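Reader: I would like a close look at a single part of this model, with the geometric criteria spelled out as they are used. Please start with the strands and what packs against them, and then follow the side chains outward as far as the account allows.

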Amino acid sequence: MRSLLAFGPLLRQMRKRVGMTQSDLAAAVGYSISTISSLEKERRLPDVATVADSFVPALGLQDEPLLAACLVEQAATARGQAPPSAFSSIARTQINRIGQDRSRLPIPSTPLLGRDAEVRTLCNRMLGHGGRLMTLLGPPGIGKSRLALEIATRLQSAWRNGAYFVSLAALDDPALLPATLCRAIGIPVEGTKSMPRRLVGHLRRKELLLVLDNFEQIIPARSLVADLLAECPGLRILVTSQERLHLRIEQRVRVQPLAGSAALKLFIQRAQMVRGDFSPTGEEQTILAAICQQLDYLPLALELSAARMDMLSPQQLLVDLGEKRLDLLRDGPTYLPPHQRTLVAAIQRSYRLLSPDEQRLFRWLGVFAASFNAEAVAALGADPEELASLVAHSLLQEERHDSATRYRLLESLRHFAGDQLALMGEADEIKQRQVAWLLALAVRGDQSIRTAEGPRWLARLDGEIDNLRGGLAWAVQHQPESAVALAGTLQEFWYSRGYNDEGQMWLSRALSSASAPSPDRVRALNALGQLLAQQSDLDAAEERLGEAAGLARSLGDQTGLAESLRLAGWVAYDRHERTRADTLFRQSLDIFQALGDSLHSADVLTSLAHMDLLDPSADRARIRVWLDESLAVYRAVGDIRGRIFALHQQGQLATGEEAYAQAAHYYDEALTLARPLDQKPEIAWGLELLGEAHWLAGNAESAEACWREALGYFLALGSREAIAITQHHLGQAARRRNQLDEAATLYTKSLLEHRAMNNQYMIARCLAGLGSVALAQGDRLTATKLLREAQGMFDILPPFLAPADAAELAALMAQIG
């Protein structure tokens, strides 16, 4: 016999079945009341012999061999023992015969996977106090029916009259429930009594579990469920439904999708049913895991998709799910019940149960690519209060994040909703409303990101990233000017989050799809130029910023022009054209100050400070004034990113004065601000600068740790020049560790990249590094050649090496003579 329930809950059920209290049972078996309580709560292991010799007769199970065997087997299982020999094969045969005679349950064609913990928990709840009515809730295809059948199969031996499974899928009239139950249980439908009274009369004397599957179509029939439970004390009812019954004694259980590993196992097992030789490779298993995720780990969707594996490869199936998902979820296996043979049919059935207003709201929600909140729904012209109804019908998932509530459609439901939206001719209008809301949201975020509310708004926009992507994709095709406005307004978001590649993609697509001159286009061109410069594509960045400046002048857009000039100043700086960079920064500053824009004026002042810090002859007092003015502005408005950049400049100012501990303090403070906000560019540069401060202070180990972490960020950002600079620094650290081959490799990688970008400063430093490696390896000829070439470049360039680095170079030159 299969052991299905824990001993404690089963003992409690058997005791209550015969109307005994814990005190009664304790007296009958010679135990204390506390011992009986501990056994039922599974705090104490049962003695198997005592259970067989004393508990079975005390509970009146001598004539109930099936129940007796269950109780003794569970006692033995709890102790990890075999049942006593008294429960022999003869008894087993009798037990099996009795069990078969009273089983009224369908026999599953396949085992249930990934639900063992749930089944055990729910079985114990059904047996426990208050477990007379339980409703399994969830959307179509999540596996409610199969879970209920498994619970009933495991529990049927716990009640004298077993369990019945009644499918209500074909019912659409609540008045037909009494007759359906009578037929299922075997009660004659003819007679003078009403069928509800006949049901009560029959069930009042019974002890059984009744499973009512797919109750959502006949919710008004819940009154019959309430009457049966009120008048039939030995009856327990397990319901599956998309909507709760709203009865006082109802236990509601929201069925969750399968775990990822269980979903993958189910998919492979079902695929092997149609393709016996299917044995996925490691790479294919990765693709299958992505398929399972695409299908929201819904068992029915997994089974239907796995049935296609006789015709499709995993990769083909994954592609098809993106292009024709609902087509793949039709025509399921014949071993499934008719209403479950296609997920589309199950969803259509659920959709038809909605009121017209609910159907309209469900369709409209198809525009969301991911989760959404009530504000977004209101922007579509719908009433957010109606969301509760779709949640109640299990067609909408409600999710709580901290104090915020968001909603989500499962992917298959979202595709179905989108199809219905298109069929009703509403798609364009609703999508326009969504894009308008997304643009308004982006504008609010843009106005707040550089204030004390910035962290909250960055997180808010990150939470909408999938909807922003969906809105941009639609707008590029159908409303190009809105696409330009939205992509450009997200400039600070793209930059702060380090979404360089994605930001460039959407900005390029939007600008290519629209041509109308506007301040929005200026903003988008500036944003694109900034992201291109972040990845060291300076030619393309300069071209976009020049276009932006020309358009801004023609439109009289002074704000856009000032920003174009500021960003162009950074491009000139990265090209090491310092005179031109200074001119552009000052032109930008004049415009921002004339506009009364103190925040962006502070940005330009910190830019000028950064550039002047590399000039030993620059006025340090003036740099301090600029930084103090800028920090005052940043603190006043709560702009964390501005504070971080100003702290970086203060650190560099301290570095130039050889106050390395003070410099490290500034960089640590900047990192403390940047890390919680996940400001990737600022974190990366903060680590790079902190590494330099440690290096110059003689702490090579800490410097290398900082640079390695910085390199990871720069690689993710795609910042070519920053990657190359950090590779040089790591070469320095490797050389200090006497790992000369590693150092040479890093110097060479850095040199090649800097030659491509014509960065004379870093070319000279890489040549010096390679020369020092050659000297350490005893190759004096190569060392002399490289070091003299480096020295020649240093002599031409303005002084920029830190004193410690300059002293090391002088020592190397002295060695070669």
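Author: What follows describes one sheet and its surroundings, and then turns to cysteines and aromatic rings elsewhere in the chain.

The model is predicted, so local features are taken only at pLDDT of at least 70 and side-chain atom pairs only at pLDDT 80 or more, whereas totals for chains, interfaces and linings use all residues. Residues are numbered from 1 along each chain as its sequence is written, and side-chain values rest on heavy atoms, with hydrogens and water left out.

Helices (H or I, at least four residues) and strands (E, at least two) are DSSP runs numbered from the N terminus, and two strands are paired if DSSP finds at least two bridges between them. On these terms, five strands make an open sheet with parallel pairing, in the order β2-β3-β4-β1-β5. At its edges stand β2 (163-167) and β5 (251-254), each of which pairs on one side only. From one strand to the next the twist averages 15 degrees, where axes are lines fitted to C-alpha atoms (for helices over the stretch in contact) and angles run from 0 to 180 degrees between N-to-C directions.

Strand β3 (residues 208-213) runs parallel to β4 (residues 235-241) and is joined to β4 by five bridges; Leu-212, for instance, has Val-239 of β4 as its bridge partner. Two helices pack on this sheet, contact being defined as heavy atoms within 4.5 Å. Helix α9 (residues 177-185) touches β2 and β3, and its direction makes about 135 degrees with that of β2. Helix α11 (residues 222-231) touches β1 (133-137), β3 and β4, with its direction at about 160 degrees to that of β4.

Strand β1 pairs in the parallel sense with β4 over five bridges, where Leu-136 has Thr-240 of β4 as its bridge partner. With β5, β1 pairs in the parallel sense over four bridges, and there Met-134 is matched to Gln-251 of β5. Burial is judged by relative accessible area, with under 20% counting as buried, over 50% as exposed and anything in between as partly exposed (1.4 Å probe, protein chains only). By that scale five of the five residues of β1 are buried, and the strand is mostly covered. Both faces take part: Leu-133, Thr-135 and Leu-137 are buried on one side, and Met-134 and Leu-136 on the other.

Helix α10 (residues 195-203) belongs to the same account, with Arg-198, Leu-199, Val-200 and Leu-203 as its buried residues. The elements that cover those residues include α9, β3, α11 and β4.

For cysteines, a disulfide is taken as a pair of sulfur atoms within 2.5 Å, and by this rule the count comes to zero. Cys-232 is in no disulfide, as the nearest cysteine sulfur, that of Cys-182, is 12 Å away. Cys-232 is nevertheless buried, with a relative accessible area of 0%.

Beyond the sheet, aromatic rings can be followed in a similar way. Rings of Phe, Tyr and Trp (its six-membered ring) count as a pair if their centres lie within 6.5 Å, with planes under 30 degrees apart called stacked, over 60 edge-to-face and the rest tilted. A search of the whole structure finds 15 such pairs. One of them is tilted, because the rings of Tyr-351 and Phe-362 have centres 5.9 Å apart and planes at 45 degrees. This pair links distant parts of the chain, with Tyr-351 in helix α16 (residues 343-352) and Phe-362 in helix α17 (residues 356-364), 11 residues apart. Tyr-351 is buried at 10% relative accessible area, and Phe-362 is buried at 1%. The rings of Phe-368 and Phe-372, by contrast, have centres 4.3 Å apart and planes at 20 degrees, so that pair is stacked. Phe-368 counts as buried at 2% relative accessibility, and Phe-372 at 1%.

A charge is said to sit over a ring if NZ of Lys or CZ of Arg is within 6 Å of the ring centre and within 35 degrees of the ring normal. The ring of Trp-364 has the charged end of Arg-360 over it, 5.7 Å from its centre, and also that of Arg-433, at 5.4 Å.
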